[in-house]
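Dear colleague,

Please find below the structure I was asked to pass on to you. My notes on its strands follow it.

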Amino acid sequence: MSKLEQILILEPPVDLKFKGPFTDVVTTNLKLKNPSDRKVCFKVKTTAPRRYCVRPNSGMIEPGSFIIVSVMLQPFDYDPNEKSKHKFMVQTIFAPSHVTDMEAVWKDAKPDDLMDSKLRCIFELPSENDKVNDIESSKATPVLNASKQDGSSLPKPTSMSLDDTEMRKLMEECKRLQSDVMKLSDENRQLKDDGLRMRKAPRSDNMPTNTGGLMGRDNSSSSLPSLLVVLAAIFIGFFLGKFIL
């Protein structure tokens with residue numbers, strides 16, 4: 001067992017993987033675990049410091065504890081010939097009993113006290129199938145959105161238009177029946193006025209029978225418009241009830 005494994009366990013133990021495309025920040029986590037019974041100081045170094053942001057890049061780990069280090073690769077144009085230049089190293093040292101200045105600890109450390117582990121950087125580019133799937137998914141999204149928008153502007157079902165047509169017919173029929181009722185009411189009123197005028201007219205002695213006949217015709221003529229008014233009211237009630245329901 002090496003000194004590094006005794007003092008610190010790295011997960012992953014061999015390399016850091018970064019999956020492209022590298023048009024945005026790609027983050028890989030590194031777990032540092034301290035299995036010993038002493039505090040351990042660590043420091044993360046890289047051969048390409050401008051390409052990476054490491055948080056935290058140094059610190060101290062309590063006995064039996066661990067810490068997660070985020071290694072963030074910044075966007076860049078991938079060059080296969082450059083991947084061999086990206087390397088990481090984790091340095092560790094047992095912390096003194098009283099730590100007041102971390103920089104002084106590293107500055108005063110003897111080479112035999114320092115333990116380090118080198119990590120490789122592996123860059124994984126998306127395959128051609130992944131690229132095709134990404135392109136197809138990006139094309140499918142606008143199509144779905146367009147279909148949703150078209151669905152909102154589709155014409156109303158034919159049943160709705162039929163209902164509107166029937167409602168207009170019912171309204172027109174109701175208006176016509178109301179007009180007929182008004183006409184019948186006017187005729188009824190006119191007949192009543194004529195009957196009153198005939199009753200007030202002077203009567204002769206030889207016309208009792210004619211008067212009775214006129215009265216009979218008057219009553220029958222006045223009852224006919226009343227019957228029509230009742231029938232018209234029934235029709236209006238029927239159509240209005242159908243319209244409301």
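**Strand pairing in the predicted model**

Strand 4 pairs with strand 6 (residues 58-61) in the antiparallel sense, over 4 bridges. Within this pairing, Cys41 has Met60 of strand 6 as its bridge partner. Please bear in mind throughout that this is a predicted model.

Strand 4 also pairs with strand 8 (residues 87-94), again in the antiparallel sense, here over 7 bridges. Opposite Lys43 in this pairing stands Gln91 of strand 8.

Is strand 4 largely enclosed or left open by the rest of the structure? Of its 7 residues (residues 40-46), 5 are buried, so strand 4 is largely enclosed by the rest of the structure. Buried here means a relative accessible area under 20%.

I turn next to an open sheet. Four strands form this sheet, in the order 1-3-7-5, and their pairing is antiparallel. Strand 1 (9-11) and strand 5 (52-55) stand at its edges; each has a single partner strand, and therefore one side of each is left without a neighbour in the sheet. From one strand to the next, the twist averages 20°.

At one of these edges, strand 5 pairs with strand 7 (residues 66-73) in the antiparallel sense over 4 bridges. Here the bridge partner of Val54 is Val71, in strand 7.

When viewing the strands, it may help to recall a general point: in a regular strand, side chains alternate between the two faces of the sheet.

With kind regards

Note on methods: Residues are numbered from 1 along each chain as its sequence is written. This is a predicted model: local features need pLDDT of at least 70, side-chain atom pairs count only at pLDDT 80 or more; totals for chains, interfaces and linings use all residues. Side-chain values use heavy atoms; hydrogens and water are left out. Buried means under 20% relative accessible area, exposed over 50%, partly exposed in between (1.4 Å probe, protein chains only). Helices (H or I, at least four residues) and strands (E, at least two) are DSSP runs, numbered from the N terminus. Two strands pair if DSSP finds at least two bridges between them. Axes are lines fitted to C-alpha atoms, for helices over the stretch in contact, and angles run from 0 to 180 degrees between N-to-C directions.
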